[in-house]
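Please open the structure in your viewer and keep the selection tool at hand. The tour below proceeds stop by stop, naming what to select and what is found there.

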Amino acid sequence: MNLRLLTIALLVPAVASFAQTGDLDRKIEAAGNLYRQGKAELALKQFQTLLTSNPQNPDILGWIGFLHLRANRPKDAVGFLEQAYTFRPKDVEIAINLGNAYKSLNQYDKALAKYQTVERLLPRMFEPHYNSGTIWLAKSNWPQAIDEFNQAVALKPDDPFVLNNLGFAYEANKNREQAVRYYKQASDLRKTNKVLARNAGINLVRLRRFTEAIEYLERAGRDEVAVEMALGDAYTKVGRLKDALSLYETIKDPNARTLTFWFNVGVLRSELKDDSGAEQAYRKALELSPNDLDSLNNLGLLLFRIGSAQEALTILEKYAGLNSRSVTAKVNWGAAAAKAGDTRRAIVAWKYALKEDPGRVPLRLDLANLLWQVGEYAQAQAHYEQVIASEPQNSEALNGMGICHLRQGKLAAAEAAFRSCIAFSPKFMPGYNNLAIVLERGHQTAEAINVLTAALKIEPGNAEIQRNLNRLRSDG
């Protein structure tokens, strides 16, 4: 399953109010209170009015910059904050806000410089490390991001957003085990936050820790297709097939109806013995992607199993053509052809398969039997001989060799092959029948009767053995 990670929201620390005394200070405090009451634009107007008569007041400049920044106007904010910082370079709030303004304008080096200033002024403050970490993420410098977030975590170990971003940095740095560690901690601290739960759950699925993943994915809710698909995958992997299928079939988002969705539904329905439902799902998948190998293979095998041999042949032949390097694809193509009665095509498919993988003894035996059926006796015998060379006690191959010898009138060789056949597999009834035929042709009728009598003791209900025994007795 191909899953994507959501972009994680990054926090901007709030700025403390600017404490004042005196008449101007009371006016600044009153304007600040307007902001605290949710009247940010009115507060901004008040500060702008105050700035007219107090153009170099760092508190007023700082507040105006802050209010522009909070209103997502970093271009407007940066000039005021730079002036405020000139007058008060050791003011932590001004430095942080100026850093945030630079960061919003993608002026990362300037932002980092301001955050480093704050780190020197207040070494125990986590915000500058956190914000620096977000910049290193934006610059794709994962080790630096990890270092800053680790420092932030050391200062504020119970902040779920710091932990989450540390997890994100580790994930970007290809260390998913560490990423999951921090994603889980973040989600456990803020269980109602779906994004935190999602990040933990999806990465646990990627680590194939499906049982753990389920808790977090269920916590993440049903608001996103990627989460639903990951949860369905986790349910499937732990054997909760009915839960997985129920989840898939209740996904409402039409964007979920992807190739992967229908393929997964097909697999689940098939596992739950719903052949018609599985067939429908695989066909939906192929409507979206007619050459999808997995869907072609599964639909072909399903049709083969339920007896739709001709269509199974068409699909599995296409699959084998598209997946030309797969020996198994050729084997299944041949099996479908044989079941559909297209013996010649089955022979072609199996010859291709054996050319690429000569060691498939059962397949070679099947090919030998087919060759015999179509009258290719010499080829059939050659393949029987190869099977026996690999498996000297293979009763079916010995039986085939015996038939080849019998056809050529080599009664002694045929008898030896059939006797070896039943010696290695005493319950292989065709060997008894064929041995009796050889003995009859060699005028050893009594011995043939003994062979068939022995066979009936092993399998009393064998109609063909009984019929041949009755014939020999009546002829005798």
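**First stop: the cavity**

Begin by selecting helices α25 (429–441) and α27 (463–475), each of which supplies at least two residues of the lining of the largest cavity. The model on the screen is a predicted one. Of these two helices, α25 gives the largest share of that lining, namely four residues.

Which residues line the largest cavity? Select N433, A436, I437, E440, L452, N468, R471 and L472 to display the lining. Colour the selection by class, and four nonpolar, two polar and two charged residues will appear. The space inside the largest cavity is about 30 Å³. How many cavities of 30 Å³ or more are counted? The count comes to one. A general remark explains how such places are found: when a probe the size of a water molecule is rolled over the atoms, the empty space that is left is revealed.

**Second stop: around helix α26**

Next, select helix α26, which spans residues 445–458 and contains N450. Is N450 buried, partly exposed or exposed? Its relative accessibility is 46%, so N450 counts as partly exposed. Now add L469 to the selection and draw a distance between the two C-alpha atoms. N450 and L469 are 19 residues apart along the chain, and their C-alpha atoms are separated by 9.1 Å.

Then move to the loop between α25 and α26, where H443 is found. The phi angle of H443 is near 60°, a positive value in a residue other than glycine. H443 has a relative accessibility of 75% and therefore counts as exposed.

**Third stop: another loop with a positive phi**

Select the loop between α15 (259–271) and α16, and highlight K273 within that loop. Here, too, phi is positive in a residue other than glycine: for K273 the value is near 65°. Is K273 buried or exposed? With a relative accessible area of 71%, K273 is exposed.

**Fourth stop: salt bridges**

Display the charged side chains. How many salt bridges does the structure hold? There are 33 salt bridges, and several of them may be visited in turn.

Start with E224 and R198, a pair whose closest N and O atoms are 2.7 Å apart in a salt bridge. E224 belongs to the loop between α12 (210–220) and α13 (225–237), whereas R198 sits in helix α11 (residues 194–206), so this pair ties together parts that are 26 residues apart in sequence. R198 has a relative accessibility of 2%, and since buried means under 20%, R198 counts as buried.

Continue to helix α13 and select D233 and K237. Their side chains meet in a salt bridge, with 2.6 Å from N to O. Why are D233 and K237 separated by about one helical turn? The reason is that the two residues are four residues apart in helix α13. Switch on the surface to compare the two partners: D233 is buried, at a relative accessible area of 12%, while K237 is partly exposed, at 41%.

Helix α16 (residues 275–288) offers another pair, E279 and R283; because they are four residues apart in this helix, about one helical turn separates them. E279 and R283 form a salt bridge in which the closest N and O atoms are 2.9 Å apart. The relative accessible area of R283 is 28%, and R283 is partly exposed.

Finally, select E177, K184, R209 and E212 together. Salt bridges that share partners join these four residues, E177, K184, R209 and E212, into one network.

**Last stop: the whole protein**

Clear the selection and zoom out until the entire protein is in view. Its secondary structure comes to 27 helices and zero strands. Turn the model to follow its principal axes: the C-alpha atoms fill a box of roughly 135 × 40 × 35 Å along them. The radius of gyration of the protein is 39 Å, but a compact globule of 476 residues would have one near 23 Å.

Colouring by accessibility gives a further view, since 48% of the 476 residues count as buried. What share of the contacts between residues at least 6 apart in sequence joins residues at least 24 apart? In the protein, that share is 47%.

Key:
Residues are numbered from 1 along each chain as its sequence is written. This is a predicted model: local features need pLDDT of at least 70, side-chain atom pairs count only at pLDDT 80 or more; totals for chains, interfaces and linings use all residues. Side-chain values use heavy atoms; hydrogens and water are left out. Buried means under 20% relative accessible area, exposed over 50%, partly exposed in between (1.4 Å probe, protein chains only). On a 1 Å grid over the protein atoms alone, a cavity is a set of points where a 1.4 Å probe fits but cannot get out, and a pocket is an open set with protein on both sides within 12 Å along at least five of seven lines; lining residues have an atom within 4 Å of a point. Grid points are joined across faces, edges and corners, and a volume is the space filled by probe spheres set on the points. Ala, Val, Leu, Ile, Met, Phe, Trp, Tyr, Cys and Pro count as nonpolar, Asp, Glu, Lys and Arg as charged, and the others, Gly among them, as polar. The radius of gyration is taken over C-alpha atoms; the globule rule is 2.2 Å times the number of residues to the power 0.38. Contact means heavy atoms within 4.5 Å.
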